[in-house]
Amino acid sequence: MAINTSDRQVAVLITAESKRQQEVLEMIPSENYTSQAVREAVGSVFINKYAEGQAKKRYYQGNSVVDELESLCKKRALELFQLDPDQWGVNVQALSGSPANLAVIAALLEPGERILSMYLPDGGHLSHGWQLPGKKVTLVAKIWDVTFYHVDKGTRVFDYDEIQKQAKEVKPKLLISGGTAYPREIDHKRMAGIAHSVGAYYLADVSHEAGLIAGGVNTSPFPYADVVMMTTHKTLRGPRGAMIFSKKELSSAIDQSVFPSIQGGPHEHTIAGIAVALGEAKTPAFSAYAKQVVKNAQILAGLFMKAGLDVVSGGTDKHLVLIDLRSSGASAWVVAWALEYANIVVNRNTVPFDNGTSVYPSGIRLGTPAITTRGMKEKEMKLIGGWITEIISSVKDIRLPENKEERAAFIIRMKKELPADKTIQRIAKEVTELTAKFPVPERY
Ligand SMILES: Cc1ncc(COP(=O)(O)O)c(C=O)c1O
């Protein structure tokens, strides 16, 4: 029975979310629109099957078709990144990026060994072992000894000589790179050189750039890294999941770390969706898409800088732009909500040397993967860049109170006042007029 008849409550929510995704400018850099084919695969009968183990070595009966599917997915993954199956293995079972990173770390390190990874406010990711002084926020930080490397204070990009120096002092067993809010390309050759010079493995987490690497617009880490982890749902435009590529001699330990160490049965319906997305990513149309994603982000970064905003690192090589709002006077919390009421959805985000918190940080992070999937190009970027700068300027004098109680009352007031603001209302209308011209695509 179709969901419209069997469960009206959930059906109504699906329709509402679908309308929201059509009407807004979805500019969170880690989000995208999957094709109908990907969604059909994820909603397929593979959802019903248990398949613990690897193809042809399962702990459950009835897996002849699942084995074919998972083998096809792995073959497509290796082919997309032009990897020799004698040199590289790939695991497509990790449920998402964070468990995939945990699986890699657990496979390569004994508890208590050292990790050197990118500092979160400098663009790193929680799953690389985030911790605060006196608070081990993540399981990785609780089990392993994590130290962070930082961006340079002046340029706000990495100084690889400094990372080399730090690696010599820390002597990690694992060096991790991977930017969730780092707008520049990472020098994988240099990072692998640093790792290997101190006897460490190099894990390149390219979750954000996966589609840009597949499309040939960002540098591939594969010639240098020991392990490459990527989520499948960001620029790669697949379902929510992850792939772990590893040098052949590490693959068996990583497979066993994913299952049985960390997970149970793999989500074969997701693996079906990943296989479809990998097929789509191999096309020339996808390479053109990846190029346009970066071009669009660079146009936006240029417009923001022209408007006097502080774009971290002075631009972008990728799909994302990070704006430090401190010099504009605007609060990132207010800007993010004002933009959302104007139908432009971005993240508020910490920035290098932030004096705010993760809930009230000093920056906004925005990206172009989803709007580029809809076919938006230079002309639309000019409109979008104009709207964003106009909103930042219109709310820049609204101060977020320091005091906790005052802040709670302020938030309630803002959630009434911002939607009623004339500039925000006008832009919201203009955004929906634009998005109506760029339907969310069903196929690629
Ligand atoms: C660099 C990086 N690694 C790992 C992850 C974690 O992925 P997930 O949210 O699928 O656990 C993310 C998610 O944003 C990420 O940006």
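Ala, Val, Leu, Ile, Met, Phe, Trp, Tyr, Cys and Pro are counted here as nonpolar, Asp, Glu, Lys and Arg as charged, and the others, Gly among them, as polar. With these classes, the lining of the largest pocket in this predicted model divides into seven nonpolar, ten polar and eight charged residues.

**The two pockets**

The largest pocket has a volume of about 780 Å³, and of the 25 residues that line it, those nearest its centre are Gln21, Asn32, Tyr33, Thr34 and Arg39. Two helices, α2 (8-23) and α3 (36-42), each supply at least two residues of this lining, and α2 gives the most to it, with six residues.

The second largest pocket holds about 590 Å³ of space, and among the 25 residues that line this second pocket, Leu120, Pro121, Trp130, Thr350 and Ser358 are the closest to its centre. Strand β14 (residues 347-349) gives the most to the lining of the second largest pocket, with three residues. Both domain 1 (44-281) and domain 2 (284-436) give residues to that lining, so the second largest pocket lies between the two domains.

The table sets out the two pockets by volume and by the classes of their lining residues.

| Pocket | Volume | Lining by class |
|---|---|---|
| Largest pocket | about 780 Å³ | seven nonpolar, ten polar, eight charged residues |
| Second largest pocket | about 590 Å³ | nine nonpolar, twelve polar, four charged residues |

**Helix α8 and its covered side**

In helix α8 (residues 188-197), the residues His188, Met191, Ala192, Ile194 and Ala195 are buried. These residues cover an arc of only 160° around the axis, which puts them on the same side of α8. An α-helix has 3.6 residues a turn, so residues three or four places apart point the same way. The buried residues of α8 are covered by elements including the strands β6 (145-149), β7 (174-177) and β8 (201-205), together with helix α7 (160-170).

**Ala297 in helix α12**

Ala297 is found in helix α12 (residues 284-306). Because buried means under 20% relative accessible area, Ala297, at 0% relative accessibility, counts as buried. Leaving aside residues up to four places away in sequence, Ala297 touches Thr316, Lys318, His319, Leu320, Val321 and Thr368. Ala297 and Asp317 are 20 residues apart in sequence, while in space they are 8.3 Å apart, C-alpha to C-alpha.

How values were computed. Residues are numbered from 1 along each chain as its sequence is written. This is a predicted model: local features need pLDDT of at least 70, side-chain atom pairs count only at pLDDT 80 or more; totals for chains, interfaces and linings use all residues. Side-chain values use heavy atoms; hydrogens and water are left out. On a 1 Å grid over the protein atoms alone, a cavity is a set of points where a 1.4 Å probe fits but cannot get out, and a pocket is an open set with protein on both sides within 12 Å along at least five of seven lines; lining residues have an atom within 4 Å of a point. Grid points are joined across faces, edges and corners, and a volume is the space filled by probe spheres set on the points. Helices (H or I, at least four residues) and strands (E, at least two) are DSSP runs, numbered from the N terminus. Domain bounds come from an automatic or database domain assignment. Buried means under 20% relative accessible area, exposed over 50%, partly exposed in between (1.4 Å probe, protein chains only). The arc is that of the directions from the helix axis to the C-beta atoms. Contact means heavy atoms within 4.5 Å.
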